[in-house]
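Visitor: I have a structure to look at and some questions about how its parts fit together. Could you walk me through them?
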Amino acid sequence: MQIESSGSRTLVIIPTYQEAENIRSVLLTVMGLPGELSVLVVDDGSPDGTREIVSETVKRFPDRICLIERGKKLGLGTAYLEGFEYALRHGYDLVCEMDADLSHNPADLPRLIEPVAADRADLVIGSRYIEGVRIINWPLSRLILSYSAGIYTRLITRLPIRDVTSGFKCIHRRVLEAIPFESVRSNGYSFQIEINYRAWKKGFRLLEVPIVFTERTEGQSKMSKAIVHEAIFKVWELRLRSLFRML
Ligand SMILES: Nc1nc2c(ncn2[C@@H]2O[C@H](COP(=O)(O)OP(=O)(O)OP(=O)(O)O)[C@@H](O)[C@H]2O)c(=O)[nH]1
Ligand SMILES: [Mg+2]
């Protein structure tokens, strides 16, 4: 099912799987922000009523919120790729990524959008690791894993970014147009690393702005060992593909 919307220049893509407790509040906050932002929710057949809540909210903002319903859980990376294709097809200039679990504060969106809108950057990353570590309610083990992922990625790829796996972003459409989506295979955290790396290798300007990240209080985590393993190998793959000019 797809409810089409026409809209403003900036599209915020929000992938959802089982976010019934959070999604209404996220959508209403984004609707109240300046700049008439549009939202695309990509839901993967959440059995907890997420889709119904989004559909209700679409009725209130039919020109600004759109829902793509994919029927089954296909992963974060492919949800974003569908969102990117939608954004390009519908002529959006700026595209934001944001989680639905309120870990990313929707009120930070204007700070992410501003440098891209002002043409000071092509890809802005909401970063937990600049100007100190800004994470609320993570166990130390998770912090160490995430922070080490950054060190590991920087060592192998030289990507000049501290928060390589952040999923809170604003991207200019020219970056998305330069990435052949069919060659992007990552689906977990490494999806964010891959997009950052490809953008950087193509010479786009990456910028980190500080955000406070708050661990979800509602709903379930989809974090898994498979996602971590994918990232460990993906970083090497990206480096090698770049060396052999296969990126
Ligand atoms: N469409 C879609 N969305 C997903 C899928 N997996 C996760 N999401 C959404 O992607 C965002 C990030 O997922 P999270 O489960 O919060 O992952 P995380 O932030 O690493 O883990 P926690 O916050 O600790 O739960 C959330 O909005 C999820 O609902 C998926 O397979 N498909
Ligand atoms: Mg989360």
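What follows is a short tour in questions and answers, and the model is a predicted one.

Visitor: Which strand runs parallel to β1, joined by 6 bridges?
Guide: Look at Val12, which stands opposite Val39. From β1 the chain crosses through α1, and this β-α-β crossover is right-handed. The strand at its end, parallel to β1 over 6 bridges, is β2.

Visitor: Which residue of β3 is the bridge partner of Val41?
Guide: β2 and β3 are also parallel, with 5 bridges between them. Together with α2 they form a right-handed β-α-β unit. The partner of Val41 is Leu67.

Visitor: How many of the residues of β2 are buried?
Guide: In a regular strand the side chains alternate between the two faces of the sheet, so we check each face. One side has Ser38, Leu40 and Val42, all buried. On the other side Val39, Val41 and Asp43 are buried too. The count for β2 is 6 of 6.

Visitor: Why do the buried residues of α2 lie on the same side?
Guide: An α-helix has 3.6 residues a turn, so residues three or four places apart point the same way. In α2 the buried residues are Thr50, Arg51, Ile53, Val54 and Thr57. They sit on the same side because the arc they cover around the axis is only 160°.

Visitor: Which exposed residues are on the face of α2 turned away from its buried side?
Guide: Start with the buried side. Its cover includes β1, α1, β2 and β3. The face turned away carries Glu52, Glu56 and Lys59.

Visitor: Which helix gives the most to the largest nonpolar core?
Guide: In soluble globular proteins, nonpolar side chains tend to be buried together. Here the largest nonpolar core has 60 residues, and Val12, Ile13, Val39, Val95 and Cys96 touch the most other members. With 7 residues, the helix that gives the most is α3.

Visitor: What does Val39 touch, not counting residues up to four places away in sequence?
Guide: Val39 is one of the core residues that touch the most other members. Across in β1, Val12 stands opposite Val39. The full list of contacts is Val12, Ile14, Leu27, Val30, Arg64 and Ile65.

Visitor: Is Gly32 buried or exposed?
Guide: Gly32 is in the loop between α1 and β2. Its C-alpha atom is 9.2 Å from that of Ala107, 75 residues apart along the chain. A residue counts as exposed with 12 or fewer other C-beta atoms within 10 Å. Gly32 has 10, so it is exposed.

Conventions: Residues numbered from 1 in each chain as written. Chains lettered and ligands numbered in written order. Predicted model: local features only at pLDDT ≥ 70, side-chain atom pairs only at ≥ 80, totals over all residues. Buried ≥ 20, exposed ≤ 12 C-beta atoms within 10 Å, placed from the backbone. Helix = DSSP H or I, 4+ residues; strand = E, 2+ residues; numbered from the N terminus. Arc of directions from axis to C-beta. Contact = placed C-beta atoms within 7 Å. Core = buried A, V, L, I, M, F, W, Y, C linked by C-beta atoms within 7 Å. Pairing = 2+ DSSP bridges. Right-handed = clockwise from strand over helix to strand, strands pointing away.
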